[in-house]
Each structure stands twice: as C-alpha cells, then as structure tokens.
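Good morning, colleagues. Please look at the model on the screen while I describe some of its strands, cores and helices.

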Amino acid sequence: MPSVFIKTFGCQANKSDSERILGDYLARGYVETAKWREADEIVLNTCSVRQSAEDRVRGFLLNLSKYVTESGENKPKVILTGCMLHFKEKELKELLPEVDEILPLSEVGFNQKAIRKDKTSAWVPISTGCNSFCTYCIVPFSRGREKSRPMPEIINEVKKLAEEGYTTINLLGQNVNSYGLEKTGITLRKLYLNKDNFNAASIPVNSTQYEKPKDTPPFVILLREISKIKGIEKITFFTSNPWDFWDELIDEIANNPKIDRFIHLPVQSGSNRILKLMNRGYTREAYLTLIEKIKAKVPDVVFGTDIIVGFPGEADQDFQDTVDLVKKVGFKIAFVARYSPRPGTASYKLYSDDVPAKIKKERWEILDQIANKDNLDNRPLVP
Ligand code: SF4
C-alpha cells in the first residue's frame, strides 16, 4: 500500500485541515507513516502567519531536498498546502523547487472524514476564511472570504462523534461569532480595505463586521443544538473576536453549563492608535467594556488573548497602553508575538517595519512575564 507523511505547521485550523487531508488519503487506500523517509507522498501543510513560521517550512524543505535529490526516480511526491499558498504558484515553485503539486485550501473542504488522534476531544470546523482584513494578517488572502459550513452538516458530524465516545467538541473558525452571517449580514469592515485598494486614512476606529441579526445569531443557535446532543459534555470555541460578540452569546454562555468558561478573545494591542492601524474595528474602551460585560454575567469566566508587539509605529506609550490593558483584564494566557511584515498584507504595503528587533524582543519579554506570570511553564514558545 502507498504511504503518506503529513507535516503540519501552524495553528489549530491547519491541524484540523490535516486531519481531513489524512482522511482523504486513507479513503484512497494509503497508510500513514510517521517517518518521512518511508513515505511515497509527503504533504506539507504550511503556515505563513509570521516570517519565523515560513522559515521553519523552508528549513524542513532544506532537509528534505537532499533526500529527494538522492532518491532519483524513487523520490517521494511533495505536495504543498496551507497558508503559504497566498504566494503565486510561480513564486512558490521558485521558493520551494522541491514541491511537485499544490493542494489549494478550497479543495481540502469540510466533507472528508477527519482522522483524529485524540479520542475524547474533537476539533470541528464551522467556518473557514475571514472577512475582517486586519492589516497585518494574511488569512483573508490565503484562506479567502468567510464561508460557513451548513449547520445540519456540523450537527451530523457532532452526533457521530458523540456515538464514537467524544465528549468535548471544539468549534473552530477564524471568527466563530459571525458563523452563518456572511449570506445575510452586511460585511462592513471589508469596505474599508481590500487587497488592491489600501487607504490607511479611511480605516475607522470603530466598526463592526456584520450588522446584528434581528433574530438569534446563528452561532448561538448552533451552540444550543450541539449542547442538546447526548454524550456531549463540553463545548469550546476558537476564535471569538471582540466584534459580533452580542448579548445573546454572553447570555448563552452564562446559561449553558456545557459551554467552557475559557474564552479566547484576541486584543492584539491596548493602544487605540495601533488598533486603528491594524483595522481591528474597536477601541481599547470597547474591548474593556465587553470584558466587563462578560465578567458580570459569567463570573467564573477566564480569558485568553493574542497580542502583537512591535507593530509599525508602536511607540513606548502605545506599548504601555497594552501593558495597562493586560493588567486590567488579567488574562489566563496570552500568545504574544513579535510583528513581522507579511508580503501581501496591507501593513506590509502601508507601513514601515520601524520598531527595532531589540525593542520588539524587550517588549515581548515584558508582556510575556506580565500576561503569563501564573502560567510560565505552559506559556507558548517565543515566536
Ligand atoms: S480576524 Fe483579523 S487576525 Fe483574525 S484571521 Fe481575520 S484578518 Fe486575520
């Protein structure tokens, strides 16, 4: 039987995609191998979120390259997928000449059965792509526009998982709060920025992603339906963002004991000036008000967050505003990253990467110590 080795870089969305890519291979009669030297096909699921992530992909390919060259006619087929596909195919082939085939993310889809290693806790994608256009982020270009998976399909998958003995369901999307709204809601934030028409001056300080639906938001309905499924004991969701976190969602978390009390709510910066340059669409005041509102209704809630230090133009005062916000919220965990410009993003085109690497590192260390002080053994590695 032919064999496949899958190497996954990056976030949980990529790991979830790899579970379905493996499902597709097994359905076609392949076996999985843990050793790439034994594989007939090697799939690289790449990450492009930061320069360091791309460097890791290239580092892996350098190791692979020698082996591929030495293998002559018996060389494995190398297939590339994931967020590095935002490069054009020609650029990719120049960057990574060992690659034989490109697997577009749109072809990974939702429908292939996922092969999961964990037998009690399952990641279930509910949407893909993003319409938010944060200026530093490649996702709206690498994964495309936000697209929700039909609710009956998600419910069926969760029912099957419950029958197999899964008790925890982790719902996955770039922006789970707006699940199901891209067809009915009005996307407001993408009006300000798109790939070919950057205009920093037009970035608003405050904007939502979608208009609030008149009825119960579809994400709340999804949470209710999943919690009715026999055997499901715990539901988590990633990633919520500070926009579209409507009162109905807060009430549902408060009233539904199956929903986890950990909420990951990326803030990225505590400075209004930097949030505007990032096109995040909220102010620090709006973020803190949301946190207080959730704490008032869900007293046992704990928060996680993502923060970027060293974004273009980040002055000492901007950084201090972030430190102040982090202290006010008291996050359980913070994934702190140092800014690196990603080709293809708005910030790469609009702003100069003007915070020196030394300052980025210092700010990273300060914030990591403050935000993860109770958590230093578990904190994420230096990005
Ligand atoms: S919400 Fe912003 S940071 Fe998150 S995936 Fe979308 S564009 Fe990227």
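**Strand β9 and its surroundings**

From strand β9, Thr168, Asn170 and Leu172 point one way while Ile169 and Leu171 point the other way, and all are buried, where buried means under 20% relative accessible area, exposed over 50% and partly exposed in between, with a 1.4 Å probe and protein chains only. In a regular strand, side chains alternate between the two faces of the sheet. Five of the five residues of β9 (residues 168-172) are buried, so this strand is largely enclosed by the rest of the structure.

I should say at once that this is a predicted model, in which local features need pLDDT of at least 70 and side-chain atom pairs count only at pLDDT 80 or more, whereas totals for chains, interfaces and linings use all residues. Residues are numbered from 1 along each chain as its sequence is written, and side-chain values use heavy atoms, leaving out hydrogens and water.

Helices (H or I, at least four residues) and strands (E, at least two) are DSSP runs numbered from the N terminus. Strands pair if DSSP finds at least two bridges between them. Strand β6 (residues 121-125) pairs with β9 in the parallel sense over five bridges, and Ser121 has Thr168 as its bridge partner in β9. Strand β10 (residues 234-238) also pairs with β9 in the parallel sense, over five bridges; here Leu172 is matched with Phe238.

Which residues have the most contacts inside the largest nonpolar core? They are Leu171 and Phe219, in a core of 66 residues. Such a core is a set of buried Ala, Val, Leu, Ile, Met, Phe, Trp, Tyr and Cys residues joined through side-chain atoms within 4.5 Å. Apart from it lies another core, of 23 residues, among them Phe5, Leu61, Tyr67 and Phe87.

I turn now to another sheet. Three strands form an open sheet in the order β11-β12-β13, with parallel pairing. β11 (262-264) and β13 (333-338) stand at the edges with a single partner strand each, so one side of each is left without a neighbour in the sheet. β11 pairs with β12 (residues 302-309) over three bridges, and Ile263 has Phe303 as its bridge partner in β12.

Finally, the helices. Arg284, Tyr287, Leu288, Ile291 and Lys295 in α10 meet Asp321, Asp324, Leu325, Lys328 and Val329 in α11, contact meaning heavy atoms within 4.5 Å.
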